[in-house]
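Colleague: I keep meeting labels whose basis I don't know. Please take me through them with this model.

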Amino acid sequence: MSDQALRASVDLMRHRGLGPEAISVFEHYFEQLQAGAKGTIPEASIEPLGDIQTLREVQVSDEEARAALSKTAVVKLNGGLGTGMGMSGAKSALEVKDGLTFLDIIALQVLALRERWGVELPLVLMNSFRTSEESLKILAKYPDLPVDGLPLDFIQNAEPKLRPDDLMPVQWPDDPELEWCPPGHGDIYVSLVTSGVLDALLEKGIRYAFLSNSDNLGATCDPDVAAWMVEQGLPFVAEVCQRTKSDRKGGHLAVRKSDGRIVLRDTAMVAEGEERYFRDIKRHSTFNANNVWIDLEVLRERMTAKHGVLGLPIIVNHKNVDPADPGSPEVIQMESAMGTAIEVFEGSEAILVPRTRFRPVKTTNDLLVIRSDFFSLDDGYHVVAAVDGPEPYVDLDSAYRFVSGFEKRFPKGVPSMRDCTSLRVIGDPVFGRNVRCVGDVLIDGYRRVLDDAVLGELPVPATSPAARRGDVRTVDEHLKAILATLEPSPTAWTPLTEALGLVVARDVRSKVDLPSFDNSSMDGYAVRADSLSTAGDGSVRLRIVGEVAAGDDPSFTVGPGEAARIMTGAPIPEGADAVIAVEDTDGAATGEVECRMSVPRGRYVRPRGEDVSSGAVIVPAGEVVGARTIALLAACGHAVVEVHRRPHVVVLSTGTELVEPGKPLGPGQIHDSNSSMLWAAAVGAGASAEIQAAVGDSDADLLAALDDIVTRADVVITSGGVSMGAYDVVKSALRDKGIDFVKVAMQPGKPQGYGLLSGPAGKPVPLFALPGNPVSSFVSFEIFVRPALRRLMRLSPEKRRLRPATLISGVESFGGRRQFGRAVVSRSAEGTLVAVPVAGQGSHFVADLSRANALFVVPEDVTELVAGEVVDVLLLDKDA
Ligand SMILES: Nc1nc2c(c(=O)[nH]1)N[C@H]1C(S)=C(S)[C@@H](COP(=O)(O)OP(=O)(O)OC[C@H]3O[C@@H](n4cnc5c(N)ncnc54)[C@H](O)[C@@H]3O)O[C@H]1N2
Ligand code: MOO
């Protein structure tokens, strides 16, 4: 079977025009695969790498460097398609920095080195058939790049993908190219030979090659490594970097115990159950950067001796024939890794290089950092950090994972990351121009990030924070400041009917058993079940010995052959142990009753204590008293319950223009609507409330009214008189009485006052000074007073829940203030919430306010929302 399979693959490879070396290598791996090779390296067979040369300590003169570079070529592994980032062409064609692609930067790095050292330094790409054309087009921009006698690229070999069951080459008529795969980057050695590039390089006097990935911009052709290699006469050098906790995945080098050679153990080569050794960064303290240097003469010798088969360890990869379709058939791809060649050459060495030589772009998170101003390109086109300190950690949401999604969300460039330590984005906002991230930035649920926005904590400037932002507070700061002053309302024994909606302060226990006596659940006859045991076959007649109604206390006993007429809820008389329903009898009132069926013991008997036993906790502390709680409390004998008292709110409007509703208006006068609105809102929140007659714009009148109010109020709400006008009485009268007047970054509701007045015996009485505009007053109550009242009553949650709803029409908002718009929210056919903003969003639109059933929230840094965007809404008719 397998011979046939191998033959089938070999025939295909020949037909495709692949050379004998490529086929020999394929045969070599095929045999290993057939023999069950997994290519694993058990921990017991290796030792940690031990001490190695560090690049920092390599001393090289300019002459040595130039001499080494003059015999070196740069070879880039450029077959990558960037599928992980949702790309389908050459990954290196992606624009990565300053408008340049990876390939542009690679070309410019090579040109800069040539100029600096006066060397020829050829650049050759190892392409796959899919990356060649696109890549060469980019390199064509650099006419000086090609070197006489050398191509700019060679194409890596291909091999058939194999079916896992019989190892036959897979067939995929939908896209026959997908039947082929590159045999891993370990194929570079074979491809160098089969393409003729190895001979061409040696002919030109190029003896060394630096091989690295094209997506690693840190992998520049470092003359110091080249010179060290030449000086030491090394056949092969692998660069490694110090491993940190976050790179426990990449492969590492180790020393093989059997022959002392350095080997590479990649992720796929870890033996089962040995992950912990592989991940142990103390034991294996460096990782393979996949930057390798090779002596091409040694390579040629070896390849000639072994007929093109270097014998690198096999990597068996299980994939889908169409990598983009996880439902397509599974295939095996036999691969090898470039770095594993280290074990083939006697005398190979590793060198520890700085992390800067390993800067791959594997994800769009990496892409963001590289593109940002955290890095810049120096004269030699090296990517260098523009600031000291650790690279920012970036974690973008899935919407940014593919390059297309990423580009769409950063249409005007990526944010400034120079002062950023971390950036996490949840959701998928589009970023504006000139956005700056500072410190740790978390973006959660934003719809867009405005031009020039500064995200994250600003370092506190030497000048005072108040100077920085005036006396403006955020909504959350203001609410927090208010809540911090509040203690729960005192508790009081309260009649049940007055306790509705209040929170029970202490566990309540039952005073009785429930039911407190055995009783009947049916109208019928109390009997001994045994008396009816024969009724199944016909009927049984029982003698009626009495009658029990609900509320009776029967003194007789029901004996065998006897029955007592009984009503629902009536106590079961002595001797009886079951009830037969009246429907199952002839219904006789006296004499004998004919029973047409038997009943089991206990039928229709509600036993004592079945529901509640005396002394059990029936209502725990913290429960909110509702109709059902009241039923239970009453049933268990409680007339009062200890609850947190209902705070008493006194509402006081200010303004000389105000007239009581119902009274005629004079010129310039208006009806006072805030008083009744705030009263209703307070009662709706569970408080008791009263309206104090409005006062005019006179400090003395206001203070006199308040002197009276504090004798009975637990909370005072005023409306009006808190802004900048000449008659803003609340502000002028109370600013020296312990009330703070602040601006809150919200709309409506910017001007706010809050503080504690002193009541009888020094009792603190919170006073909310709300703005006079009716909508502002309402929204302020919602956002600040309602949570405060609920805190006093110990009701939770204190704030209404935010729910997502889709906006049906767009809205505009003030930047820098959280806007609470009014909307009518309803449920769509799909069950989601939709919000229709009311027409009048000004602070004086009472009619539109009354139409709305919800507030929608526009965050501080958003100035415009379009139809279809999702906003948070507060449903005003829901408690939570
Ligand atoms: N120069 C400035 N003027 C205003 C500012 C500002 O920053 N600079 N802020 C504006 C904002 S925002 C608001 S909100 C209001 C708050 O004003 P006041 O709290 O001082 O309220 P009044 O001026 O007394 O009244 C405002 C408005 O509301 C009507 N009103 C007052 N009480 C009632 C009531 N009980 N029932 C119905 N309507 C009432 C009153 O007639 C006014 O039309 O200040 C802005 N101005
Ligand atoms: O903030 Mo005022 O409350 O805009 O109307």
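**What the labels rest on**

Modeller: Let's start with one pair: the bridge partner of Arg541 in β34 is Glu594. This is a predicted model, where local features need pLDDT of at least 70, side-chain atom pairs count only at pLDDT 80 or more, and totals for chains, interfaces and linings use all residues. Residues are numbered from 1 along each chain as its sequence is written, while chains are lettered from A and ligands numbered from 1 in the order in which they are written.

Colleague: Why are β31 and β34 called paired?

Modeller: Two strands pair if DSSP finds at least two bridges between them. Strand β31 (residues 540-548) is joined to β34 by 4 bridges, so the two count as paired. They run antiparallel. The strands themselves (E, at least two residues) and the helices (H or I, at least four residues) are DSSP runs, numbered from the N terminus.

Colleague: Which strands are at the edges of their sheet?

Modeller: The open sheet has 5 strands in the order β33-β30-β32-β31-β34, with mixed pairing. Its edge strands are β33 (578-581) and β34 (592-595), since each pairs on one side only. From one strand to the next, the twist averages 40°.

Colleague: What makes β2 and β7 edge strands?

Modeller: Their sheet is an open one of 8 strands, ordered β2-β17-β11-β14-β10-β3-β6-β7. β2 (53-54) and β7 (153-155) each have a single partner strand, so one side of each is left without a neighbour in the sheet. Within this sheet, β3 (residues 72-77) and β10 (residues 208-213) pair in the parallel sense over 6 bridges. Thr72, for instance, has Tyr208 in β10 as its bridge partner. Helix α8 packs on the sheet, touching β3, β10, β11 (236-242), β14 (286-295) and β17 (349-352).

Colleague: How do you know what to call the crossing of α3 and α8?

Modeller: The axes, lines fitted to C-alpha atoms over the stretch in contact, give angles from 0 to 180 degrees between N-to-C directions. For α3 (residues 62-69) and α8 (residues 223-232), the axes come within 8 Å and cross at roughly 85°. That makes α3 roughly perpendicular to α8; the label covers 65 to 115 degrees, with under 35 roughly parallel, over 145 roughly antiparallel and the rest oblique.

Colleague: Which residues meet there?

Modeller: Glu64, Ala65, Ala68 and Leu69 in α3 meet Pro223, Asp224, Ala226, Ala227, Val230 and Glu231 in α8. Residues are in contact if their C-beta atoms, placed from the backbone, lie within 7 Å. The contact divides into 7 nonpolar, no polar and 3 charged residues. Here Ala, Val, Leu, Ile, Met, Phe, Trp, Tyr, Cys and Pro count as nonpolar, Asp, Glu, Lys and Arg as charged, and the others, Gly among them, as polar.

Colleague: Is Phe129 buried or exposed, and why?

Modeller: Neither: Phe129 is partly exposed, because 13 other C-beta atoms lie within 10 Å. Buried needs 20 or more such atoms and exposed 12 or fewer, with partly exposed in between; C-beta atoms are placed from the backbone. Phe129 lies in the loop between β6 (123-127) and α5 (132-139).

Colleague: What surrounds ligand 2?

Modeller: Gln747, Pro748, Gly749, Lys750, Pro771, Asn773, Ser776 and Ser843 do. A residue counts as near if its C-beta atom, placed from the backbone, lies within 6 Å of the molecule or strand. By class, this shell has 2 nonpolar, 5 polar and 1 charged residues.

Definitions and conventions:
Contact = placed C-beta atoms within 7 Å.
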